[in-house]
Amino acid sequence: MVGNIPALVISMISDAVEQRSSDIHIEPGKNVIRIRYRIDGVLRIIVEYPQNLHPAVVSRIKILSNLKIDEQRIPQDGRAQVTTEDNKELDLRVSTLPTVNGEKVVMRIQDESKTIPTLEQLGIDGQALQKIQKALLDPNGIILTTGPTGSGKTTTLYACLNILNKADVNILTIEDPVEIQMEGLNQSQTHADIDYTFATGLRTALRQDPDIIMVGEIRDKETINIAIEASLTGHLVLSTIHTNSAVETLTRITNMEIPSYLMTSTIRTIIAQRLVRRLCPDCKKPSSVDQQTLEQIKQIISKTSQIDQNILQNTQFFEPIGCDKCHNIGYIGRVGLYEILDMSDSLRRSVLEGKSTLDIKEQAMQEGMISLEQAGLIKAIQGLTSLGEVYRVSSHG
């Protein structure tokens, strides 16, 4: 068995890819080593193996990713390129962490053969799609996507860049790391250890005669300041930021000590998003919902004029069961929930007047913004996901 460690590692990676996993966790316990895959955003125990194999498995992964085999006291980060059992080329981001029971390894799978989905394929439709398409026509301004780690923010930006990627524009991206290489784009990767950050990359990008700039993430005051400067000098800037909702993004930027007049004159659109697991079409079954919950759902959906109220005529919800097709999970793949905040003149006025997040959200919804919760309920009514999934990723209110 020990002689087959390289084959064991490749087999584990191949199996993870087959099960559509995004991350592989190898976790040492007191007596056994546990392997878990993150499938559609949720961790799942796959197998356990004896502890005596663990040092050889970790060493093999370290060799693949050019890490120090003899260094087990500190965390290490690396990259590996592997070919799976069915000849698929993969890029792995590898992270090791010393624990009391040995080294824990997490491998992030980056499938280079993956195609960039369209906005429609991501689950964006109706008015939300129109708002994004309109924002992408702007010659300048800032478009932000927001949400927790792993909510598909970068994928949404790539889908937008795919629309903008034409021969007559110069598009520059500053990323950490470059997840998908796109033909026609000038993509640059930051290196924190040599002080090449998003801020320095963005400042350099402005000297490269760009039309459109994509910055992987706005983390600090310096980066947002340069993004605003770029926008004011006639560039379209796309980026991500970590907040819980579209409206909370405005508060976050205010907390970065950005004056309201600069924020309102540059930010065009904020896309808040979450990913919910898609019900397996082969085994999902109708589920019953009590009257009180049904009334609450109707009340939430009626808060926005933009939702067709006829959708409530058929409120049949579904739940997961599990079959061979979905590896007995009940879900297969994911679909996005999107909350699009379009900065109208009246919303700009509210921000300038210093109105509360709650007031701005209420006003945005009166103007037709569909909240994450509402977007999730619509997907549940359409039979794409379950109510449990919707409330796992979006909060009431």
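**Exercise 1. Is arginine 20 buried, partly exposed or exposed, and what is its relative accessibility?**

Solution. Keep in mind as you work that this is a predicted model.

Step 1. Start with the accessibility: arginine 20 has a value of 32%. Buried would need a value under 20%, and exposed a value over 50%. Arginine 20 therefore counts as partly exposed.

Step 2. Now look for its charged partner. Arginine 20 makes a salt bridge with aspartate 40, and their closest N and O atoms are 2.9 Å apart.

Step 3. Place both residues in the chain. Arginine 20 sits in the loop between helix 1 (5-18) and strand 1 (21-28), while aspartate 40 belongs to the loop between strand 2 (32-39) and strand 3 (42-50), so the bridge ties together parts 20 residues apart in sequence.

Step 4. Check the partner too: aspartate 40, at 9% relative accessible area, is buried.

**Exercise 2. Find the salt-bridge partner of glutamate 27 in strand 6, and say which parts the pair ties together.**

Solution.

Step 1. The partner is lysine 104, with 3.7 Å between the closest N and O atoms. A salt bridge needs these atoms within 4 Å, so this pair qualifies.

Step 2. Glutamate 27 lies in strand 1 and lysine 104 in strand 6 (residues 102-111), so the pair connects parts that are 77 residues apart in sequence.

Step 3. Glutamate 27 is buried at 10% relative accessibility, and lysine 104 is buried at 17%.

Step 4. Widen the view a little: a network of salt bridges links Glu27, Arg34, Arg36 and Lys104.

**Exercise 3. Describe the salt bridge between glutamate 222 and arginine 203.**

Solution.

Step 1. The two side chains meet at 3.1 Å, N to O.

Step 2. Glutamate 222 is in helix 7 (residues 221-232) and arginine 203 in helix 6 (residues 198-205), so the bridge ties together parts 19 residues apart in sequence.

Step 3. Glutamate 222 is partly exposed, at 39% relative accessible area, and arginine 203 is partly exposed as well, at 35%.

Step 4. For the overall tally, a search of the whole structure finds 19 salt bridges.

**Exercise 4. Work out the strand order of the six-stranded sheet, then find which strands stand at its edges.**

Solution.

Step 1. The sheet is open, its pairing is antiparallel, and its order reads 3-2-1-6-5-4.

Step 2. Strand 3 and strand 4 (76-83) are the edges: each has a single partner strand, so one side of each has no neighbour in the sheet.

Step 3. From one strand to the next, the twist averages 20 degrees.

Step 4. Zoom in on one pair. Strand 1 and strand 2 run antiparallel and are joined by seven bridges; in strand 2, isoleucine 35 is the bridge partner of isoleucine 26.

Step 5. Add the helices. Helix 1 packs on the sheet, touching strands including strand 1 and strand 5 (89-99), and its direction makes about 140 degrees with that of strand 1. Helix 2 (residues 54-64) packs on the sheet too, with its direction at about 45 degrees to that of strand 6.

**Exercise 5. Locate serine 245 and list the residues that it touches, leaving out those up to four places away in sequence.**

Solution.

Step 1. Serine 245 is in the loop between strand 11 (236-241) and helix 8 (246-255).

Step 2. With 13% relative accessibility, serine 245 counts as buried.

Step 3. With those sequence neighbours left out, serine 245 touches Thr146, Ala272 and Glu339.

Technical notes:
Residues numbered from 1 in each chain as written. Predicted model: local features only at pLDDT ≥ 70, side-chain atom pairs only at ≥ 80, totals over all residues. Heavy atoms only, no water. Helix = DSSP H or I, 4+ residues; strand = E, 2+ residues; numbered from the N terminus. Buried < 20%, exposed > 50% of the residue type's maximum accessible area, 1.4 Å probe, protein only. Pairing = 2+ DSSP bridges. Axes fitted to C-alpha atoms, helices over the stretch in contact; angles between N-to-C directions. Contact = heavy atoms within 4.5 Å.
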